[in-house]
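Please read the points below alongside the model, which is a predicted one. They concern aromatic contacts and burial, and they are meant to be checked residue by residue.

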Amino acid sequence: RRNNMQVMQIQIKLPADQHAADACCNRPGLQAVMWLVSGDERYAANAAGIIDAWATTNKKFCGKNAPLEAGWGVASFARAAELLKHSWAGWAASGVEGRFLAWVDALIMPQLNHDMLNHLPLANW
């Protein structure tokens with residue numbers, strides 16, 4: 001079940017959308033912390049929904065910074081997922097973990113193993 005947020009095909013084109021992507025990647029973590037602080041399950045469900053939306057719609061990271069952005073942005077998803085996994089009973093039932101891990105294996109890990117990372121600096125890094 002997806003929450004009420006609008007889900008769209010996400011293709012990050014860097015660096016123009018870098019700040020928007022960074023802000024979006026931080027949202028699940030903020031929602032997970034709000035869940036821990038407030039006990040309101042809507043925050044947990046929203047965090048899981050954001051992670052799930054990325055994992056089920058994002059098919060490509062674009063631009064010279066793609067390998068770096070893939071790792072950097074997804075690290076915040078992993079932190080949020082760990083918080084939810086160990087604190088929210090709805091995490092296991094949501095099925096998000098399996099979709100997230102499959103996405104990491106299929107899209108993120110190949111970016112992190114990309115040969116371009118051996119030729120730093122990349123773009124503005």
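**Notes on the aromatic residues**

1. F100 and W103 are both buried in this predicted model, and the two residues also form an aromatic pair, with 6.2 Å from centre to centre and 45° between the planes, an arrangement that counts as tilted. Because F100 and W103 are 3 residues apart in helix α5, about one helical turn separates them.

2. The count of aromatic pairs comes to 3. Among them is the pair of F77 and W103, which is likewise described as tilted, its ring centres lying 6.2 Å apart and its planes 35° apart. This pair links distant parts of the chain, since F77 belongs to helix α3 (residues 66-87) and W103 to helix α5 (residues 96-112), with their positions 26 residues apart in sequence. Both F77 and W103 are buried.

3. Which residues make up the aromatic cluster? One cluster is formed by W54, F77, F100 and W103, and W103 therefore deserves attention in both pairs described above, with F100 as its partner about one helical turn away in helix α5 and F77 as its partner in helix α3.

4. A separate point concerns I50, a residue of helix α2 (residues 41-57). Is I50 buried or exposed? Its relative accessibility is 7%, and because buried means under 20%, I50 counts as buried. As for its position relative to G29, the two residues are 21 residues apart in sequence, while the C-alpha to C-alpha distance between I50 and G29 is 10.0 Å in space.

Note on methods:
Residues are numbered from 1 along each chain as its sequence is written. This is a predicted model: local features need pLDDT of at least 70, side-chain atom pairs count only at pLDDT 80 or more; totals for chains, interfaces and linings use all residues. Side-chain values use heavy atoms; hydrogens and water are left out. Rings of Phe, Tyr and Trp (its six-membered ring) pair if their centres lie within 6.5 Å; planes under 30 degrees apart count as stacked, over 60 as edge-to-face and the rest as tilted. Helices (H or I, at least four residues) and strands (E, at least two) are DSSP runs, numbered from the N terminus. Buried means under 20% relative accessible area, exposed over 50%, partly exposed in between (1.4 Å probe, protein chains only).
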